[in-house]
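Grab a pencil and open the structure viewer. Below are some exercises to work through, each followed by a solution in small steps.

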Amino acid sequence: MNKKIIFELRLSSKDSLIAYEKKNYDTCYEDSRLYLHTGNKRKKIIESSFCYGFGSEMYYRVHNIYNFCSLEEYLKQLKEFLDNQTYDLPEKVDYDNPENHSYLAGCSVLADYDLYLVKINDVYTLLLVKTSEIETTGKYNIELLNEYQISDSVFDEWKTLICSEWEKRAVIDGEKIAKANNRRESTTEEWEQYFLSMRTDKQ
């Protein structure tokens with residue numbers, strides 16, 4: 001695939017999570033795609049804006065990872081959350097539900113795949129989950145498609161890649177918007193405050 005790679009996150013000797021720029025990256029909102037490569041196959045996780053979509057979600061998640069006692073308990077909590085979710089806008093975000101503690105990237109409405117990043121007994125764990133709604137009950141089936149345990153050193157590489165690319169591209173995009181609207185560019189201190197707000201839990 002002849003696309004510019006934003007970053008590649010190693011999962012194993014054969015598998016990786018790769019973010020690509022689309023050819024029209026500079027001229028469209030949904031400018032990037034995130035794929036899970038497994039051997040010679042790939043699954044599209046999401047296609048959206050990198051700066052304002054999945055890139056910002058991943059930036060937030062790598063700074064806010066929660067620990068669960070077991071995979072079974074985490075999946076049970078996730079299913080309970082999905083089964084009981086409503087589509088009304090809440091007055092405030094519920095930070096005590098498992099999806100807010102784990103969501104990394106995805107769009108199950110379009111692709112049926114979501115990525116979740118948690119710790120299971122203090123081990124970084126990436127989960128590829130397929131969800132499907134049962135029409136007769138409105139409840140959800142959750143199928144765990146892949147599970148990857150990530151070492152501390154590999155996770156540190158992920159965090160560096162995600163943060164450096166997102167912060168760099170956010171600044172470039174912000175400066176373009178300021179110029180187009182005849183506004184002054186943000187100072188370094190203002191950008192640092194923005195980055196802090198984007199990675200702070202319960203923002």
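## Exercises with worked solutions

In the hairpin of β7 and β8, two residues sit between the strands, and one of them gives us a starting point: Asn-121 takes a positive phi near 50°. Keep in mind that you're looking at a predicted model.

**Exercise 1. Find out where Asn-121 lies and whether it is buried or exposed.**

Step 1: Look between β7 and β8, and you'll find Asn-121 in the loop there.

Step 2: Check its backbone. Phi is near 50°, a positive value, and Asn-121 isn't a glycine.

Step 3: Compare its accessibility with the cut-off. A residue counts as exposed when its relative accessible area is over 50%. Asn-121 has 51%, so it is exposed.

**Exercise 2. Work out how β7, β8 and β9 are joined, starting with the number of bridges between β7 and β8.**

Step 1: Take β7 (residues 113-120) and β8 (residues 123-133). They run antiparallel, and eight bridges join them. For one pair, go to Tyr-116, whose bridge partner in β8 is Leu-127.

Step 2: Move on to β8 and β9 (residues 140-150). This pair is antiparallel too, with ten bridges. Here Glu-133 stands opposite Tyr-140 in β9.

Step 3: Look at the turn. The hairpin of β8 and β9 has six residues between the strands, and Gly-138 takes a positive phi near 75° there.

**Exercise 3. Find the order of the strands in the open four-stranded sheet and say which ones are at the edges.**

Step 1: Read the order across the sheet: β1-β2-β3-β4, with antiparallel pairing.

Step 2: Look for strands that pair on one side only. Those are β1 (5-10) and β4 (41-48), the edge strands.

Step 3: Check how the strands are turned. Ignoring direction, neighbours in this sheet are at 15° to each other on average.

Step 4: See what packs on the sheet. Helix α1 touches β1, β2, β3 (32-38) and β4, and its direction makes about 40° with that of β3.

Step 5: Add helix α4 (residues 152-180). It lies across β1 and β2 and runs at about 165° to β1.

**Exercise 4. Explain why β2 is described as largely enclosed by the rest of the structure.**

Step 1: Start with its neighbours. β1 and β2 (residues 15-21) pair in the antiparallel sense over five bridges, and four residues lie between them in a hairpin. Leu-9 stands opposite Leu-17, while the partner of Phe-7 in β2 is Ala-19.

Step 2: Turn to β3. Seven bridges link it with β2, again in the antiparallel sense. One of the pairs is Asp-15 with Thr-38 in β3.

Step 3: Remember a rule about strands: in a regular strand, side chains alternate between the two faces of the sheet.

Step 4: Sort the residues by side. Asp-15, Leu-17, Ala-19 and Glu-21 are on one side of β2, with Ser-16, Ile-18 and Tyr-20 on the other, and all of them are buried.

Step 5: Put it together. Seven of the seven residues of β2 are buried, so the strand is largely enclosed by the rest of the structure.

**Exercise 5. Asn-182 is another residue with a positive phi. Where is it found, and is it buried or exposed?**

Step 1: Check the angle. Phi is about 55°, although Asn-182 is not a glycine.

Step 2: Find the place. Asn-182 is in the loop between α4 and α5 (188-199).

Step 3: Check the accessibility. At 74%, Asn-182 counts as exposed.

**Exercise 6. Which residues make the nonpolar surface patch of about 400 Å²?**

Step 1: Pick them out on the surface: Tyr-29, Tyr-52, Ile-177 and Tyr-194.

Step 2: Zoom in on one of them. Tyr-52 is found in helix α1 (residues 50-63). With a relative accessible area of 41%, Tyr-52 is partly exposed.

**Exercise 7. Step back and describe the whole protein: how many helices and strands does it have?**

Step 1: Count the elements. There are five helices and nine strands.

Step 2: Read along the sequence. The pattern is β-β-β-β-α-β-α-β-α-β-β-β-α-α.

Step 3: Look at burial and surface. Of the 203 residues, 41% count as buried. The protein exposes about 11,900 Å², and carbon and sulfur atoms supply 47% of that area.

Step 4: Finish with contacts. Take those between residues at least 6 apart in sequence: 50% of them join residues at least 24 apart.

Note on methods: Residues numbered from 1 in each chain as written. Predicted model: local features only at pLDDT ≥ 70, side-chain atom pairs only at ≥ 80, totals over all residues. Heavy atoms only, no water. Patch = residues over 30% accessible without salt bridge, like charges linked within 9 Å, V, L, I, M, F, W, Y side chains within 5 Å. Areas by Shrake-Rupley, 256 points an atom, 1.4 Å probe, with all protein chains shown as cover. Salt bridge = Lys/Arg side-chain N within 4 Å of Asp/Glu carboxyl O. Buried < 20%, exposed > 50% of the residue type's maximum accessible area, 1.4 Å probe, protein only. Pairing = 2+ DSSP bridges. Axes fitted to C-alpha atoms, helices over the stretch in contact; angles between N-to-C directions. Contact = heavy atoms within 4.5 Å.
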